[in-house]
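Let's take a walk through this structure together, one piece at a time. Keep the view open as you read, so that you can follow along.

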Amino acid sequence: MNVNNIQFQFETLATLYEDMANWPFRKDIERPAVLDRLGNISGLNILDFGCGSGHYSRLLKSQGAARVVGYDVAGGMLQYAKTREQAEHQGIEYVSDLTGLTGQFDLVLAVYVLPYASTRTDLINMVKSMVILLRPGGRLLTLPLNPDYASEPSYYISYGFQLTSDTPHQDGTEVYLRLLFGDEHTDITAWYWSRDTLNHALHQSGLSRIQWHTPYPKHRIVSSITSLEAYLQRPHTMLVDCYYQGDHGACSN
């Protein structure tokens, strides 16, 4: 994968990403939907792949995970997460290198990571780099771009972002994510992958029992239903749940 491109896009966005964690569609839909799907994680060893500023890493630890490792290639993001850890002492490890971590985790969580693979080969390699971390019987929960995201440029503006593409819903084409905050914005480039292509990459990487879920938490906050209804109808992400039943054997990263 083009690590330099990913790193460049996210180096300076840690503070913005922390703010985004409290945007209504994330706080009231995405985050509770992820926790619902994860279920009881007490005592599990979990790697947060593409941990960014560490929001989900901290959340996983607070939910009872035994070991949480946050991984990211963006140094600015990772430094923010490490600084928070130094102040809060939750016992989270943050790393920029996965060497030596083969087969150590019950669960890998990867939120908004797969859209930054720019080719099919990069996509498969990215998934494989997640799978190698799982013990046999381990689980991957990932949130890709919804293959059926709303392509109307104004659809998500009220939720704080905009998705546009010159060729919507075509495999391997660029999708432009504009994060809106006040009178300013930040632009990020992602890539679109269809459900078939994503399923193929997951299967190719040794994953099975693949299930797609709409981010619809069991316990929705009633006061937010009206304002978030359009998002619930066409969320920009999905939850993809799958399992690794293989055996890494003697292989190592």
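Start with Arg139, which stands opposite Tyr243 in β10. This is a predicted model, by the way, so read everything here as computed from that prediction. The pairing you are looking at belongs to β5 and β10, which run antiparallel and are joined by four bridges. On to another neighbour of β10: β9 also runs antiparallel to β10, this time with five bridges. There, Gln211 is the residue that stands opposite Asp241 in β10.

How many residues of β10 are buried? Six of its six, so to speak: the strand is mostly covered. Both faces are covered, in fact. Leu239, Asp241 and Tyr243 are buried on one side, and Val240, Cys242 and Tyr244 are buried on the other. Tyr243 also has a charged partner, as the charged end of Arg209 sits over its ring, 4.1 Å from the centre. A similar arrangement involves Arg195, whose charged end sits over the ring of Trp212 at 4.4 Å from the centre.

Now zoom out to the sheet. It is an open sheet of seven strands with mixed pairing, and its order reads β3-β2-β1-β4-β5-β10-β9. At the edges you'll find β3 (93–95) and β9 (207–213), each of which pairs on one side only. From one strand to the next, the twist averages 20°. For a parallel part of the sheet, look at β1 (residues 45–49) and β2 (residues 67–71), which are joined by five bridges. In that pair, Asp48 stands opposite Gly70 in β2.

Helices pack on this sheet too. Helix α3 (residues 24–38) touches β4 (105–111), β5 (134–143), β9 and β10 (239–244), and its direction makes about 160° with that of β5. Helix α7 (residues 195–204) packs on the sheet as well, touching β5, β9 and β10, with its direction at about 150° to that of β9. In total, the chain has eight helices and ten strands.

Next, follow β2 out into the loop that leads to α5, where you'll meet Asp72. Is Asp72 buried or exposed? Asp72 counts as buried, because its relative accessible area is 10%, and the cut-off for buried is under 20%. Leaving aside residues up to four places away in sequence, Asp72 touches Gly50, Cys51, Gly52, Leu78, Val95 and Ser96. Take Gly50 from that list: it sits 22 residues from Asp72 along the chain, yet the C-alpha atoms of the two are separated by 4.6 Å.

A couple of loops deserve a look for their backbone angles. Most residues other than glycine have a negative phi. His89 has a phi near 55°, a positive value in a residue other than glycine. You'll find His89 in the loop between α5 (75–88) and β3, and it counts as exposed because its relative accessibility is 63%. Tyr112 has a positive phi too, near 60°. Its place is the loop between β4 and α6 (120–131), but Tyr112 is buried, with a relative accessible area of 18%.

Then there are the aromatic rings. The structure holds eight aromatic pairs. In one of them, the rings of Tyr155 and Tyr156 have centres 5.0 Å apart and planes at 75°, so that pair is edge-to-face. Tyr156 also pairs with Phe161: their centres are 5.0 Å apart and their planes at 15°, so this pair is stacked. How covered are these residues? Tyr156 is buried at a relative accessible area of 1%, and Phe161 is buried at 2%. Tyr155, with 21%, is partly exposed. These three belong to one aromatic cluster, which is formed by Phe25, Tyr155, Tyr156, Tyr159, Phe161 and Tyr231.

Finally, step back to the whole chain. Of its 253 residues, 53% are buried. Among contacts with a separation of 6 or more, 69% are between residues 24 or more positions apart. The chain exposes about 11,200 Å², and carbon and sulfur atoms supply 48% of that area.

Methods:
Residues are numbered from 1 along each chain as its sequence is written. This is a predicted model: local features need pLDDT of at least 70, side-chain atom pairs count only at pLDDT 80 or more; totals for chains, interfaces and linings use all residues. Side-chain values use heavy atoms; hydrogens and water are left out. Two strands pair if DSSP finds at least two bridges between them. Helices (H or I, at least four residues) and strands (E, at least two) are DSSP runs, numbered from the N terminus. Axes are lines fitted to C-alpha atoms, for helices over the stretch in contact, and angles run from 0 to 180 degrees between N-to-C directions. Contact means heavy atoms within 4.5 Å. Buried means under 20% relative accessible area, exposed over 50%, partly exposed in between (1.4 Å probe, protein chains only). Rings of Phe, Tyr and Trp (its six-membered ring) pair if their centres lie within 6.5 Å; planes under 30 degrees apart count as stacked, over 60 as edge-to-face and the rest as tilted. A charge sits over a ring if NZ of Lys or CZ of Arg is within 6 Å of the ring centre and within 35 degrees of the ring normal. Accessible areas come from the Shrake-Rupley method with a 1.4 Å probe; for residues, only the protein chains shown count as cover.
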